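Please open the model in your viewer and keep the selection tool at hand. The stops below say what to select next and what is to be found there.

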Amino acid sequence: MMIRPATTADTAAIWAIIEPTIRAGETYTLDRAMSEAEALAYWFGPDKAVFVAEADGAVLGTYYLRANQAGGGGHVANCGYMTAASATGRGVARAMAEHSLVLARERGFRAMQFNFVVATNERAVRLWQSLGFAVVGRLPEAFAHPAHGLVDALVMYRLLGS
């Protein structure tokens with residue numbers, strides 16, 4: 001598997017990955033009815049560096065890396081990750097997460113923070129914890145899950161070291 005910067009040629013493949021996740025409404029705080037143009041504008045926002053995970057010429061996942069905050073919080077990175085449903089369980093999310101941790105460190109970030117991990121997204125929580133992230137906050141009933149109702153969201157944090 002190769003992880004590389006996304007290009008405009010990847011937008012259709014990225015849309016094919018992010019649309020089902022957005023429409024499901026189970027893991028991101030995005031409007032489930034947002035258009036393709038709105039979703040791609042969000043994913044490729046000017047504050048984000050976007051990457052794709054690719055194997056055998058197929059894009060299997062995508063992530064973005066950005067500063068979590070401006071100014072005094074600019075040394076903390078933030079990422080968003082989405083994997084194609086067909087690639088679930090193949091290590092794509094782990095590969096992107098590991099890539100993002102290395103890249104964030106190389107770009108001078110001192111830590112990484114996930115602001116809003118839906119607690120029912122147990123695979124993601126386990127992955128982040130296996131990569132050294134700690135739950136540093138819990139937001140009770142902060143997410144309206146379409147199947148589970150109001151569920152908690154977690155704030156997860158990890159120092160990147162030098």
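Select Asp56 to begin, bearing in mind that this is a predicted model. Asp56 is exposed, with a relative accessible area of 85%, and its place is in the loop between strand 2 and strand 3. Although Asp56 is not a glycine, it has a positive phi of about 50 degrees. The hairpin that strand 2 and strand 3 make around it has two residues between the strands.

From this loop, extend the selection to the two strands themselves, strand 2 (49-55) and strand 3 (residues 58-67). They pair in the antiparallel sense over seven bridges, and if you show the side chains you will find Val50 opposite Tyr64 in strand 3. Is strand 3 mostly covered or mostly open? Eight of its 10 residues are buried, and strand 3 is thus mostly covered.

Next, add strand 4 (76-83), which pairs with strand 3 in the antiparallel sense, again over seven bridges. A pair to pick out here is Thr62 with its bridge partner in strand 4, Met82. Strand 4 is also mostly covered, with seven of its eight residues buried. Towards strand 5 (111-118) the pairing of strand 4 is in the parallel sense, over two bridges, and Ala77 stands opposite Met112 in strand 5. Follow the chain from strand 4 through helix 3 to strand 5, and you trace a β-α-β crossover that is right-handed.

Keep helix 3 (92-106) selected and turn the view to see what lies under it. Helix 3 lies across strand 1, strand 2, strand 3, strand 4, strand 5 and strand 7, and runs at about 35 degrees to strand 3.

Now select strand 7 (149-159) together with strand 5. These two pair in the antiparallel sense over six bridges, and in strand 7 the bridge partner of Phe114 is Met156.

With these strands in view, show the whole sheet. In what order do the strands of the sheet stand? Seven strands form an open sheet in the order 1-2-3-4-5-7-6, and the pairing is mixed. Strand 1 (2-5) and strand 6 (134-145) stand at the edges, and because each has a single partner strand, one side of each is left without a neighbour in the sheet. From one strand to the next, the twist averages 25 degrees.

While you are at the edge, select Glu141, which lies in strand 6. Glu141 has a positive phi of about 50 degrees, although it is not a glycine, and it is exposed, with a relative accessible area of 52%.

Move next to helix 4 (residues 122-130) and colour Ala124, Val125, Leu127 and Trp128, which are the buried residues of this helix. Why do these four fall on the same side of helix 4? They cover an arc of only 165 degrees around the axis, which puts them on the same side. An α-helix has 3.6 residues a turn, so residues three or four places apart point the same way. Colour Glu122, Arg123 and Arg126 in a second shade, and you mark exposed residues on the other side of helix 4. If you then display what surrounds the buried residues, you will see that they pack against strand 4, helix 3, strand 5 and strand 7. Just beyond, helix 4 is followed by Gly132, whose phi is positive, near 95 degrees.

For the last stop, select helix 1 (residues 11-24) and helix 2 (residues 36-43), which pack at an angle of about 100 degrees with their axes 10 Å apart. Helix 1 and helix 2 are therefore roughly perpendicular to each other, a term that is used for angles of 65 to 115 degrees. To see where they touch, show the side chains of Thr11, Ile14, Trp15, Ile18 and Ile22 in helix 1, which meet Glu36, Ala39, Leu40 and Trp43 in helix 2.

Conventions
Residues are numbered from 1 along each chain as its sequence is written. This is a predicted model: local features need pLDDT of at least 70, side-chain atom pairs count only at pLDDT 80 or more; totals for chains, interfaces and linings use all residues. Side-chain values use heavy atoms; hydrogens and water are left out. Buried means under 20% relative accessible area, exposed over 50%, partly exposed in between (1.4 Å probe, protein chains only). The arc is that of the directions from the helix axis to the C-beta atoms. Contact means heavy atoms within 4.5 Å. Two strands pair if DSSP finds at least two bridges between them. A crossover is right-handed if, with the strands pointing away from the viewer, the path from the first strand over the helix to the second runs clockwise. Axes are lines fitted to C-alpha atoms, for helices over the stretch in contact, and angles run from 0 to 180 degrees between N-to-C directions. Angles under 35 degrees count as roughly parallel, over 145 as roughly antiparallel, 65 to 115 as roughly perpendicular and the rest as oblique.
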